[in-house]
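Okay, thanks for coming, everyone. I've got one structure to walk you through today, so let me put it up on the screen and we'll go from there.

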Amino acid sequence: MSGWEAGAQLPAHTYTITRADLVRYAGASGDFNPIHWSDRVAAAVGLPGVIAHGMLTQALAARAVADWTDHAEVLELGAKFTSPVQVPDDDTGVEVTVAATVQKVDGDRVTLALEVTSGGAKVLGRPTAVVRA
């Protein structure tokens, strides 16, 4: 990994999440909270509908980082969950887009300021990744 410059914009990656993805993620993670599969339960707790697992959303950000950096060592990856990603009950699902700007280059450490959105809304707050070149 070389040639990184602070301020460089990285090409956005867009991923689709469907209800089937939520079922697969629940099985892999062990998170079977019904807000991730039941419209009735999601509505009962005040959500706009079934939502994606926050860690699944963050994992998509990590996937983009791996792609941009050719699977460099990730030293840090952090974010706050700021807005739920509502996943409709159809075969189309919802798109999550991950974009990034190179924030800082310090020796072999590259800091990426990420922007993770769905439907035009930021769904992760202050997402940042630090990788080793």
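Let's begin with the record: which residues does the UniProt annotation "domain: MaoC-like" cover? According to that entry, which is unreviewed, the annotation covers residues 13–106. In the model, which is a predicted one, the end C-alpha atoms of that span lie 25 Å apart. As for its make-up, residues 13–106 are 34% helix and 29% strand.

Now the whole chain. We have 133 residues, and 38% of them count as buried. The secondary structure comes to three helices and six strands, and if you walk from the N terminus you get β-α-α-α-β-β-β-β-β. So that's the element order to keep in your head while I talk. For overall dimensions, the C-alpha atoms fill a box of roughly 50 × 30 × 25 Å along the principal axes. The accessible surface comes to about 7300 Å², and carbon and sulfur atoms own 50% of that. One more global number: take the contacts between residues at least 6 apart in sequence, and 66% of them join residues at least 24 apart.

On to the strands. Have a look at strand 6, residues 124–132. Strand 2, residues 73–81, runs antiparallel to strand 6, and seven bridges join the two. If you want a place to put your cursor, Leu77 stands opposite Ala129 in strand 6. Strand 4, residues 109–118, also runs antiparallel to strand 6, this time with five bridges. There, Val110 is the residue opposite Val131.

While we're in that area, click on Thr111, which sits in strand 4. Is Thr111 buried or exposed? Buried: its relative accessibility is 13%, and the cut-off for buried is under 20%. Leaving aside neighbours within four places in sequence, Thr111 is in contact with Thr101, Val102, Gln103 and Lys104, and also with Thr128, Ala129 and Val130.

Right, the inside of the thing. In soluble globular proteins, nonpolar side chains tend to be buried together. Here, the largest nonpolar core has 29 residues, and the ones with the most contacts inside it are Ile17, Trp68, Leu112 and Leu114. Who supplies it? At least two residues each come from strand 1 (9–17), helix 3 (54–68), strand 3 (94–106), strand 4 and strand 6. Helix 3 gives the largest share, six residues.

Let me zoom in on Ile17 for a second. Not counting residues up to four places away in sequence, Ile17 touches Leu22, Ala52, Leu56, Leu60, Val87, Gly93, Val94 and Val96.

Two of those partners, Leu56 and Leu60, are also among the buried residues of helix 3. The others on the buried list for that helix are Thr57, Gln58, Ala61, Ala64, Val65, Ala66 and Trp68. What do the buried residues of helix 3 pack against? Strand 1, helix 1 (19–29), strand 2, strand 3, strand 4 and strand 6. As for its geometry, helix 3 has 15 residues and reaches 22 Å from its first C-alpha to its last, close to the 21 Å expected at 1.5 Å a residue.

Next, some backbone angles, for those of you who like to stare at Ramachandran plots. Just after helix 3, Asp70 takes a positive phi of about 55 degrees. Then there's His71, in the loop between helix 3 and strand 2. Its phi is near 65 degrees, again positive and again in a residue other than glycine. His71 counts as exposed, at 58% relative accessibility. And over in strand 6, Arg126 has a positive phi of about 50 degrees although it is not a glycine. Arg126 is exposed as well, with a relative accessible area of 74%.

Last stop, Arg40. You'll find Arg40 in helix 2, residues 39–44. Why does Arg40 count as exposed? Because its relative accessible area is 67%, and exposed means over 50%. If you're wondering where Arg40 is relative to Arg24, those two are 16 residues apart along the chain, and their C-alpha atoms are separated by 20 Å.

That's my tour. If you take one picture away, take helix 3, which gives the core its largest share, and strand 6, which is joined by bridges to strand 2 and to strand 4. Happy to spin the model around for anybody who wants another look.

Note on methods. Residues are numbered from 1 along each chain as its sequence is written. This is a predicted model: local features need pLDDT of at least 70, side-chain atom pairs count only at pLDDT 80 or more; totals for chains, interfaces and linings use all residues. Side-chain values use heavy atoms; hydrogens and water are left out. Two strands pair if DSSP finds at least two bridges between them. Helices (H or I, at least four residues) and strands (E, at least two) are DSSP runs, numbered from the N terminus. UniProt positions are given in the numbering used here, feature names are shortened, and annotations may be inferred rather than shown by experiment. A nonpolar core is a set of buried Ala, Val, Leu, Ile, Met, Phe, Trp, Tyr and Cys residues joined through side-chain atoms within 4.5 Å. Buried means under 20% relative accessible area, exposed over 50%, partly exposed in between (1.4 Å probe, protein chains only). Contact means heavy atoms within 4.5 Å. Accessible areas come from the Shrake-Rupley method with a 1.4 Å probe; for residues, only the protein chains shown count as cover. The expected span of a helix is 1.5 Å times one less than its number of residues.
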